[in-house]
Amino acid sequence: MTHQVTLTQFIIEQQRGLPDASGTFTLLLNNIVTACKQISHRVNCGALIGVLGSAESENIQGEVQKKLDIITNDIMVNALDWSGSLGGMASEEIDDPIKIPKQYPKGKYLVLFDPLDGSSNIDINLTVGTIFSILRCREGVEPETEDFLRKGTEQVCAGFVLYGPSTMLVLTTGKGVNAFTLDQDIGEFILTHCNMKIPEESSEFAINMSNQRFWEPPVKRYIDECVAGTDGPRGKDFNMRWVASLVAEVYRILTRGGIFLYPHDLRDPSKPGKLRLMYEANPMAFIIEQAGGMCSTGRERILDLKPSSIHQRVPLILGSKTEVERIIGYHQQD
Ligand code: FBP
């Protein structure tokens, strides 16, 4: 029988030999994974346990929260606050950084997360996910908001869990991208996709076409050329997908290439894009770059942006390298 590598074995082997490896990071990751298994179970049971539908509340983004937005946020917080590995947390669903309760020790990491990405898909039984980003922090002090506002290049780990036909974890610690599939029978994530690499070229794009009239000229030009197919300057046909779940779009791009755009939107100058830098764009950018792809606002590399607030929004363009380079080129010519 072939030996199956569990996530725990994979992480311990990756950490072995690192000069400052104390096991704290392994514990933190283990706790995130435990939370995600609980979320996977809730998402899977859906209407059977009454978790679908809206709650009577809005989050900091002014979006109506789903019941599962609140439940999954609580699952993450409760799985992480006691461990002693964290100095603090930040969540899409909570306005300010979440403090570690006084009775627990504070640790050397910060975690930022979107507990349920793509939650508009939950009631129609499509793929959703949890996204997380891990940063180091000053040990033993109460982190201020400023301590969280660090460039994506400073992430020590990023990952997302996909609750789809199977539950999968995609992970990077800066040494490539690996994906693990949850074996529901034994409750373990098993390494199933080693060292994932995004094909450099592709002919598939993902964008919400209903926002077309609000796009800037470089994005409009790129999509117009894709849609023109063999009759246009690209001389080939393109395919389109839009799941409306960032986790699902990124996973598709990791497996067969392509490009995803949630570009700058001229509708509302106070919102430069829809997606959030710190717990959506940054972790995805770390993963995409580690898999050989690119991630940009169209004008700047996502990982080089200096965040101005925890819930900051950014334009997001990610995927196969040559396609992202082309769009950056169109922005430079604009
Ligand atoms: P949430 O975090 O509120 O779920 O929003 C993020 C997101 O769902 C992304 O996963 C997805 O790419 C995008 O919004 C879909 O946006 P739209 O509603 O324009 O299709």
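The legends below describe close-up views of a predicted model.

**Figure 1. The largest nonpolar core, with Phe-160 among its members.**
This core has 45 residues. Those with the most contacts inside the core are Phe-160, Leu-254, Phe-260, Met-284, Ile-302, Leu-316 and Leu-318. Helix α7, residues 277-290, supplies nine residues, the largest share of the core. In soluble globular proteins, nonpolar side chains tend to be buried together. Setting aside residues up to four places away in sequence, Phe-160 touches Thr-130, Ile-131 and Phe-132, then Met-168, Leu-169 and Val-170. Phe-160 also touches Val-247, Val-250, Tyr-251 and Leu-254, as well as Met-284 and Ile-287. A second core of 40 residues is separate from this one and includes Leu-28, Val-33, Ala-35 and Val-43.

**Figure 2. Glu-92, Asp-114 and Leu-116, listed by UniProt under "binding site".**
The listing comes from an unreviewed entry. The three residues span 25 residues in sequence, yet no two of their C-alpha atoms are more than 8.9 Å apart, so they gather at one spot. The lining of the largest pocket includes Glu-92, Asp-114 and Leu-116. Glu-92 sits in the loop between β3 (86-91) and β4 (98-99). With a relative accessible area of 5%, Glu-92 is buried. Leu-116 belongs to strand β5, residues 109-117, and is buried at a relative accessible area of 2%. Apart from neighbours within four places in sequence, Leu-116 is in contact with Ile-39, Val-43, Leu-68, Asp-69 and Thr-72. Val-128, Gly-129 and Tyr-163 are also in contact with Leu-116.

**Figure 3. Asp-114, Asp-117 and Glu-280, covered by another UniProt "binding site" annotation.**
This annotation, too, is from an unreviewed entry. The three residues are spread over 167 residues of sequence but cluster in space, with a largest C-alpha distance of 8.5 Å. Asp-114, Asp-117 and Glu-280 are included in the lining of the largest pocket. Asp-114 lies in strand β5 and counts as buried, with 0% relative accessibility. Leaving out neighbours within four places in sequence, Asp-114 makes contact with Glu-92, Gly-129, Thr-130, Ile-131, Tyr-279 and Glu-280. Glu-280 is placed in helix α7 and is buried at a relative accessible area of 1%. Beyond its neighbours within four places in sequence, Glu-280 is in contact with Glu-92, Asp-114, Asp-117, Ile-131, Leu-246 and Leu-275. The side chain of Glu-280 also reaches the backbone nitrogen of Arg-276 at 2.8 Å.

**Figure 4. Residues around the ligand.**
There are 17 residues around the ligand, of which Gly-118, Asn-208, Trp-242, Leu-246 and Tyr-262 come nearest. An N or O atom in the side chain of Asn-208 is 2.9 Å from an oxygen atom of the ligand. For Trp-242, a side-chain N or O atom is likewise 2.9 Å from an oxygen atom of the ligand. Ser-119 uses its backbone: an N or O atom there lies 3.2 Å from an oxygen atom of the ligand.

**Figure 5. Glu-58 in strand β1 and Lys-66 in strand β2.**
Strand β1 consists of residues 54-58, and strand β2 of residues 64-66. Glu-58 is exposed, with a relative accessible area of 56%. Without counting neighbours within four places in sequence, Glu-58 is in contact with Glu-63, Val-64 and Gln-65. The C-alpha atom of Glu-58 is separated by 31 Å from that of Glu-154, 96 residues apart along the chain. Lys-66 counts as buried at 15% relative accessibility, because buried means under 20% relative accessible area. Neighbours within four places in sequence aside, Lys-66 is in contact with Gly-53, Ser-54 and Ala-55, and also with Ser-119, Ser-120, Ile-122 and Asp-123.

**Figure 6. Ser-40 in helix α2.**
Helix α2 covers residues 24-45. Ser-40 counts as buried, at 4% relative accessibility. With neighbours within four places in sequence left aside, Ser-40 is in contact with Tyr-163, Thr-167, Leu-182 and Gln-184. Tyr-163 is also in contact with Leu-116, shown in Figure 2.

Key: Residues are numbered from 1 along each chain as its sequence is written. This is a predicted model: local features need pLDDT of at least 70, side-chain atom pairs count only at pLDDT 80 or more; totals for chains, interfaces and linings use all residues. Side-chain values use heavy atoms; hydrogens and water are left out. A nonpolar core is a set of buried Ala, Val, Leu, Ile, Met, Phe, Trp, Tyr and Cys residues joined through side-chain atoms within 4.5 Å. Buried means under 20% relative accessible area, exposed over 50%, partly exposed in between (1.4 Å probe, protein chains only). Helices (H or I, at least four residues) and strands (E, at least two) are DSSP runs, numbered from the N terminus. Contact means heavy atoms within 4.5 Å. UniProt positions are given in the numbering used here, feature names are shortened, and annotations may be inferred rather than shown by experiment. On a 1 Å grid over the protein atoms alone, a cavity is a set of points where a 1.4 Å probe fits but cannot get out, and a pocket is an open set with protein on both sides within 12 Å along at least five of seven lines; lining residues have an atom within 4 Å of a point. A residue is near a molecule or strand if one of its heavy atoms lies within 4 Å of it. A polar contact is a pair of N or O atoms within 3.5 Å; within protein, one must be able to donate a hydrogen and the other to accept it, and residues adjacent in sequence count only if both atoms are side-chain atoms.
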